[in-house]
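User: I would like to learn how to read the features of a protein model. Could you take me through one, step by step?

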Amino acid sequence: AAPNATFTTNAGTLNCGPFVLRANATGNNVVNVEWDFGDGSRATGINVNHTFVRMGDYTVTAKAYNAQGCTNTSSQVVRVSESPLATFNPSITEICGTTGNASFSNQTTYGGTDVVIYKWWVNGVLVSNQRDLTHHFVVPNGASLPYQFKIKLEASNMVGCTSSQEKILQFNPFSTAIFSV
């Protein structure tokens, strides 16, 4: 009897790139499978992983073999969406004292055509949904210097593909001048 070339994957209706596909041959009477991922890449084995780095619709084909060398094939389409690549530049990375302002220039790149949603976090607290961030920082009472704020930019497209970048803004003590007369 010919092998049954059915397979399962971890792919959903839409997958955020880069997407690591895990495919598992589930058919009966199968001893080996040749995989074609639809992007020029191939693999061999019952269970395989493959990373799709570009957005697109890919037809993944499994060619199953039984012990007698008979074959059967089946295919599934995997849809991959591009994720925004969150990145930003701070106007300053260190401030002397316990208060100060800093600006963060959003440099996020995205090849998709839908809207990108931004979230700015300071020490885990959402502070803005704007593209760029200007923020007034105050070191908490009782905290010792140097003190670090963690600033994180999260960028998401309309289907939920998200990336983030985090940077540190450090508040340092003023230097002490020592004079002798």
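Analyst: Happily; we will go through the disulfide, the backbone, the strands and the nonpolar cores in turn. This is a predicted model, in which local features need pLDDT of at least 70 and side-chain atom pairs count only at pLDDT 80 or more, while totals for chains, interfaces and linings use all residues. Residues are numbered from 1 along each chain as its sequence is written, and side-chain values use heavy atoms, with hydrogens and water left out.

User: Let us start with the cysteines. How many disulfides does the structure hold, and which residues form a disulfide?

Analyst: In general, a disulfide is a covalent bond between the sulfur atoms of two cysteines. Here the term is applied to a pair of cysteine sulfur atoms within 2.5 Å. The structure holds one, formed by Cys16 and Cys161 with their sulfur atoms 2.1 Å apart. The link is left-handed, with -85 degrees about the S-S bond. Cys16 belongs to strand β2 (residues 15–16) and Cys161 to the loop between β15 (147–156) and β16 (162–172), so the bond ties together parts that are 145 residues apart in sequence. Strands here are DSSP runs (E, at least two residues), numbered from the N terminus.

User: Is Cys161 buried or exposed?

Analyst: For that we use relative accessible area: buried means under 20%, exposed over 50%, and partly exposed in between (1.4 Å probe, protein chains only). Cys161 is buried at 0%, whereas its partner Cys16 is partly exposed at 29%. Cys70, at 37%, is partly exposed, and Cys96 is partly exposed too, at 47%.

User: Now the backbone. Where is a cis peptide bond found, and which residues other than glycine have a positive phi?

Analyst: Most residues other than glycine have a negative phi, and most peptide bonds are trans. In this model a cis peptide bond joins Gly17 and Pro18, with omega about -5 degrees; Pro18 sits in the loop between β2 and β3 (19–25). Another cis bond joins Leu145 and Pro146, where omega is about 0 degrees, and Pro146 is in the loop between β14 (133–138) and β15. As for phi, Asn29 has a positive value near 65 degrees. Asn29 lies in the loop between β3 and β4 (32–36) and is partly exposed at 39% relative accessibility. Asn123 takes a positive phi near 50 degrees in the hairpin of β12 and β13, which has two residues between the strands. Asn123 counts as partly exposed, at 37%.

User: How should I read the sheet, and which strands stand at the edges?

Analyst: Strands of a sheet pair through backbone hydrogen bonds, either parallel or antiparallel. Two strands count as paired if DSSP finds at least two bridges between them. One open sheet has five strands in the order β2-β8-β7-β4-β5, with mixed pairing. At its edges stand β2 and β5 (42–44), each with a single partner strand, so one side of each is left without a neighbour in the sheet. Within this sheet, β4 and β7 (residues 56–65) run antiparallel and are joined by five bridges; Val33 has Ala64 in β7 as its bridge partner.

User: What can β12 tell me?

Analyst: Its side chains alternate: Tyr118, Trp120 and Val122 point to one face and are buried, while Ile117, Lys119 and Trp121 point to the other and are not. β12 pairs with β15 in the antiparallel sense over six bridges, and Val122 stands opposite Ile151 there. Three bridges also join β12 to β13, again antiparallel, with Trp120 opposite Ser128.

User: Finally, which residues touch the most other members of the largest nonpolar core?

Analyst: In soluble globular proteins, nonpolar side chains tend to be buried together. A nonpolar core is a set of buried Ala, Val, Leu, Ile, Met, Phe, Trp, Tyr and Cys residues joined through side-chain atoms within 4.5 Å. The largest one has 19 residues, and Phe104, Trp120, Phe137, Phe149, Ile151, Leu169 and Phe171 touch the most other members. β11 (99–106), β12, β14, β15 and β16 each give two or more residues to this core, and β15 gives the most, with five. Apart from it lies another core of 17 residues, including Phe7, Phe37, Phe52 and Val60.

Conventions. Helices (H or I, at least four residues) and strands (E, at least two) are DSSP runs, numbered from the N terminus.
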